[in-house]
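Student: I have not looked at this structure before, and I would like to go through it slowly, one question at a time.

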Amino acid sequence: MNLSEEGLMFLKQKEGTIYYIYDDGAGFLTGGVGHKLSPEEKERWMKGNFVPQCQVDIWLRKDVEFAVECVNNWVVVSLTQTGFDMLVSFVYNVGCEAFKKSTLLRRLNRGEIVEASEEFKRWVFSNKKRMAGLVTRRAEEAKKFLEAEKAKS
């Protein structure tokens, strides 16, 4: 499966978009939807440069590929498009390694859709702090995931 346009818009909304190149605080030049510039890109883009929407979209489509591949490789049950999109959003945010080891994935692959959807809410911490933005995001991901997956049954 591939990420839908609706899934891409959801991801952009949740991640946020910055239309200029900035230092992310960890020393990485970043722009768009959290895209870290490669050494080659640093030759073209400098801190403070405006990033047009078309470039943001190019970077995001490339950056999200790992999450699409992860969901496709590790989920063994069939999914609706919306269910797939919400899992890609989740994996984009938490990473594939975390997803592969998650109870969410184990429950999903056992066909426990309701229980899997409840697992989203456990992923709301950053540096051991509960983050309001993640609480909201996980609630939306879980709701959309559950509604879509229950509707197909």
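What follows is a conversation about a predicted model, taken up topic by topic.

Student: In what order do the strands of the open sheet stand, and which strands are at the edges?
Tutor: The open sheet has three strands, and their pairing is antiparallel. An edge strand here pairs on one side only, and that applies to β1, residues 18-23, and to β3, residues 35-36. The order is therefore β1-β2-β3, with the edges being β1 and β3.

Student: How many bridges hold β1 and β2 together, and which residue in β2 is the bridge partner of D23?
Tutor: Strand β2 covers residues 29-32, and β1 pairs with β2 in the antiparallel sense over three bridges. Along this pairing, Y22 stands opposite T30 in β2. For D23, the bridge partner in β2 is L29.

Student: Which residue in the turn between β1 and β2 has a positive phi?
Tutor: The two strands β1 and β2 form a hairpin, and five residues lie between them. In that turn the residue with a positive phi, of about 95°, is G25.

Student: What joins β2 to β3, and which residue in the turn of their hairpin has a positive phi?
Tutor: Strands β2 and β3 run antiparallel and are joined by two bridges, and in β3 the bridge partner of G31 is H35. These strands also form a hairpin, with two residues between them. The turn residue with a positive phi, of about 70°, is G34.

Student: Which residues line the largest pocket, and what is its volume?
Tutor: The lining is made up of E15, V33, G34, K36, Y92 and N93, and G34 is also the turn residue of the hairpin of β2 and β3. By type, the lining residues divide into two nonpolar, two polar and two charged. The volume of the largest pocket is about 200 Å³.

Student: Which residues of helix α3 are buried, and over what arc around the axis do they lie?
Tutor: Helix α3 runs over residues 53-63, and its buried residues are Q55, V56, W59, L60 and D63. Because these residues cover only a limited arc around the axis, they lie on the same side of α3. In general, residues three or four places apart in an α-helix point the same way, because the helix has 3.6 residues a turn. The arc covered by the buried residues is 130°.

Student: Which residues are exposed on the other side of α3, and what is the relative accessible area of C54?
Tutor: On the other side of α3 the exposed residues are C54, I58 and K62. A residue counts as exposed when its relative accessible area is over 50%, and C54 meets that cut-off because its value is 54%.

Student: How many disulfides does a search of the whole structure find, and which cysteines form a disulfide?
Tutor: A search of the whole structure finds one disulfide, with sulfur atoms 2.1 Å apart. The torsion about the S-S bond is about 85°, so the disulfide is right-handed. The pair links distant parts of the chain, 26 residues apart, with one cysteine in helix α4, residues 65-74, and the other in helix α6, residues 96-100. The cysteines are C70 and C96.

Student: Are C70 and C96 buried or exposed?
Tutor: The cut-off for a buried residue is a relative accessible area under 20%. C70 has a value of 2%, and C96 has a value of 19%. Because each value falls under the cut-off, C70 counts as buried, and C96 likewise counts as buried.

Student: Where are N127 and K128 found, and what are their phi values?
Tutor: N127 lies in the loop between β4, residues 125-126, and β5, residues 129-130, and K128 is found in the loop between β4 and β5 as well. N127 counts as exposed at 73% relative accessibility, while K128 is exposed with a relative accessible area of 80%. Neither N127 nor K128 is a glycine. The phi is positive for N127, at about 50°, and positive for K128, at about 65°.

Student: Where is R106, and what separates the C-alpha atoms of R106 and V64?
Tutor: R106 has its place in helix α7, residues 103-109, and is partly exposed, with a relative accessible area of 42%. R106 and V64 are 42 residues apart along the chain, and their C-alpha atoms are separated by 22 Å.

Note on methods
Residues are numbered from 1 along each chain as its sequence is written. This is a predicted model: local features need pLDDT of at least 70, side-chain atom pairs count only at pLDDT 80 or more; totals for chains, interfaces and linings use all residues. Side-chain values use heavy atoms; hydrogens and water are left out. Buried means under 20% relative accessible area, exposed over 50%, partly exposed in between (1.4 Å probe, protein chains only). Helices (H or I, at least four residues) and strands (E, at least two) are DSSP runs, numbered from the N terminus. The arc is that of the directions from the helix axis to the C-beta atoms. On a 1 Å grid over the protein atoms alone, a cavity is a set of points where a 1.4 Å probe fits but cannot get out, and a pocket is an open set with protein on both sides within 12 Å along at least five of seven lines; lining residues have an atom within 4 Å of a point. Grid points are joined across faces, edges and corners, and a volume is the space filled by probe spheres set on the points. Ala, Val, Leu, Ile, Met, Phe, Trp, Tyr, Cys and Pro count as nonpolar, Asp, Glu, Lys and Arg as charged, and the others, Gly among them, as polar. A disulfide is a pair of cysteine sulfur atoms within 2.5 Å.
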